[in-house]
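Reader: I'm new to looking at protein models, and I'd like to zoom in on one part. Could you take me through it slowly?

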Amino acid sequence: MEKRDAKAEFLTAFWKLYEKKEIEKISIRELCQTAGYNRTTFYVYYDDIYDLLDKAIESIFLPIREEIIRRIDFSRALQVSAFGEIFLQALRKEDTHIELLFKRHHYLLLGEKLKKEWMALLREKYSGREVDFSFLEYQLSALMGVIKYWLQTGKKLPQQELVRRIYRISENGVFSIVREELGGKSDVEHNQSEASGN
């Protein structure tokens, strides 16, 4: 007889129910029926429905963390091609779940987990060095805002273009991008023209 994976089946049942209703309306009884287990089994793995939500969110970003850790040169993860590849991979795989978290207003939990994981990862990789990573907290909050806007506007941009824009904003700064979009000079062009006297 094939061995069942209760934790995975509870997660699957959770996403199935979460797609149809608010978390407050998902009962443990209904969840257990959907997963095919009893309440006792549920409480072996989870404290309550919110603990299960927490684990469901972890299941989204843990593969991203593992992929970044797997890379020998961690700095490559901050380059556009590596960052885009990892982010797109996660977005394609978890598109429906991420969209549900935004729809149900639980994306802040996802954002907080991402921030916590990134900060822990950076501190681990650069232990012993005095580096202020608070700017990354700001950047990750901004990232969640961009994804929220993208979802609210019906995903008009292809995922690859979304990732390119996120990286462009991260790399060049939002004010520089806005000036470019409005037809002004970028900071580099402005500095070059000042240096040449134009």
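Which residue's side chain meets that of Glu30 in a salt bridge? And once that is settled, please take a close look at helix α7 and the loop that follows.

Author: Glu30's partner is Lys21, and the two side chains meet at 2.9 Å, N to O. Lys21 counts as partly exposed, because its relative accessibility is 24%. Keep in mind that this is a predicted model. The chain averages a pLDDT of 78, and 75% of the residues score at least 70. Confidence peaks in α2, at 97, and is lowest in helix α10 (residues 187–195), where the mean is 52. Where pLDDT is low, the predicted coordinates should not be read in detail.

Now for α7. This helix runs over residues 134–152, which makes 19 residues. From its first C-alpha to its last it reaches 28 Å, close to the expected 27 Å. Look at which side chains are tucked away: Leu136, Leu140, Leu143, Met144, Ile147, Trp150 and Leu151 are buried in α7. They are on the same side of the helix, because they cover an arc of only 125° around its axis. There's a handy rule behind this sort of pattern. An α-helix has 3.6 residues a turn, so residues three or four places apart point the same way. Now turn the helix around: the face pointing away from the buried side carries Tyr138, Tyr149 and Gln152, which are exposed.

What about the core? The largest nonpolar core has 46 residues, and α7 is one of the elements that give two or more residues to it. Others on that list include α1 (6–20), α2 (28–35) and α4 (49–70). Among the core residues with the most contacts inside it are Phe10, Phe14 and Leu110. Take Phe14: leaving out residues up to four places away in sequence, it touches Ile23, Ile26, Leu31, Ile49, Leu52, Leu53 and Ala56.

Next, follow the chain out of the helix. Just after α7 comes Gly154, with a positive phi of about 75°. Lys155 also has a positive phi, about 50°, although it is not a glycine. Lys155 sits in the loop between α7 and α8 (159–172). There is another case like this elsewhere: His105 is not a glycine either, and its phi is near 65°. His105 belongs to the loop between α5 (80–103) and α6 (107–125), and it counts as exposed because its relative accessibility is 62%.

Back to Lys155, since its side chain has a partner too. Side chains of opposite charge can pair when their charged atoms come close. Here, Lys155 and Asp95 meet in a salt bridge at 3.1 Å, N to O. This pair ties together distant parts of the chain, with Asp95 in helix α5 and Lys155 in the loop between α7 and α8, 60 residues apart. The two ends aren't equally covered: Asp95 is buried, because its relative accessible area is 18%, under the 20% cut-off. Lys155 is partly exposed, at 27%.

That bridge has company, as the count comes to ten salt bridges. One of them joins Arg4 and Glu9 at 2.6 Å, N to O. Arg4 is partly exposed at 43%, and Glu9 is partly exposed at 25%. Asp54, Glu58 and Lys113, meanwhile, are linked in a network of salt bridges.

How values were computed: Residues numbered from 1 in each chain as written. Predicted model: local features only at pLDDT ≥ 70, side-chain atom pairs only at ≥ 80, totals over all residues. Heavy atoms only, no water. Helix = DSSP H or I, 4+ residues; strand = E, 2+ residues; numbered from the N terminus. Expected span 1.5 Å × (residues − 1). Buried < 20%, exposed > 50% of the residue type's maximum accessible area, 1.4 Å probe, protein only. Arc of directions from axis to C-beta. Core = buried A, V, L, I, M, F, W, Y, C linked by side-chain atoms within 4.5 Å. Contact = heavy atoms within 4.5 Å. pLDDT = per-residue confidence, 0-100. Salt bridge = Lys/Arg side-chain N within 4 Å of Asp/Glu carboxyl O.
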